[in-house]
Amino acid sequence: MPTLLAPRNDTSKLVTDHLPRTSDRDRRRATFTVPRLSSGRYLAVEDGDEVVVIEIGPRPLHLGRSPAADVMLEHLSVSRRHAVVATRGEVVVVLDDRSLNGIVVNGDRVGEAVLAHGDEIRLGEVAIRFLDVP
């Protein structure tokens, strides 16, 4: 029976599990290098000149200006209880927690959104990037 799949050949394996390396010239020009993140889901929060990376675990993460929030964002444009990031089965969602300024995902104001790798979440003027590392 004809098949669309290429024949399996276990004797020669040219594919590697990592991305191609940059040249030494480019590595010398890099501002900095960082170790690769472990497999998982993360929020990358812009904090001045730095980026803070927070792992998303099985429990919902409450984001807001309140000290009671799991992730406290100290900016006046962020509500005390602004958003919740939660895992639903295999997907991660962000939900508005009755905030004044709402949630914007990739430029669209939403009440709830399923997140994909690279999505930008804005809580007021605070930018957060969702990372899904395989």
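Colleague: Between which strands is the loop that holds N106?

Modeller: This is a predicted model, with residues numbered from 1 along each chain as its sequence is written. Local features need pLDDT of at least 70 and side-chain atom pairs 80 or more, while totals for chains, interfaces and linings use all residues, and side-chain values use heavy atoms, without hydrogens or water. Strands (DSSP E runs of at least two residues) are numbered from the N terminus. The loop with N106 joins β7 and β8 (108-110).

Colleague: What is the phi of N106, which is not a glycine?

Modeller: Most residues other than glycine have a negative phi. N106 is partly exposed at 44% relative accessibility, that is, between the limits for buried (under 20%) and exposed (over 50%, 1.4 Å probe, protein chains only). Its phi is positive, at about 50°.

Colleague: R98 also has a positive phi without being a glycine; is R98 buried or exposed?

Modeller: R98 sits in the loop between β6 and β7, with a phi of about 60°. Because its relative accessibility is 64%, R98 counts as exposed.

Colleague: Which residues form the covered face of β10?

Modeller: In a regular strand the side chains alternate between the two faces of the sheet. Strand β10 covers residues 120-123, and its uncovered face holds E120 and R122. The covered face is I121 and L123.

Colleague: In β10, which residue is the bridge partner of I103?

Modeller: Strand β7 (residues 103-105) pairs with β10 in the antiparallel sense over three bridges; pairing takes at least two bridges found by DSSP. The partner of I103 in β10 is L123.

Colleague: And which residue takes a positive phi in the hairpin of β10 and β11?

Modeller: β10 and β11 (residues 126-133) are antiparallel, with four bridges, and R122 has A127 as its bridge partner in β11. Two residues lie between the strands, and a positive phi near 65° belongs to G124.

Colleague: Which element gives the largest share of the largest nonpolar core?

Modeller: A nonpolar core is a set of buried Ala, Val, Leu, Ile, Met, Phe, Trp, Tyr and Cys residues joined through side-chain atoms within 4.5 Å. The largest one has 21 residues, and I121, L123 and I128 are among those touching the most other members. The elements giving two or more residues include β1 (40-47), β7 and β10. The largest share, three residues, comes from β11.

Colleague: Beyond its neighbours within four places in sequence, which residues is L123 in contact with?

Modeller: Contact means heavy atoms within 4.5 Å. With those neighbours left aside, L123 touches L63, L73, S77, V78, H82, A83, G102, I103 and I128.
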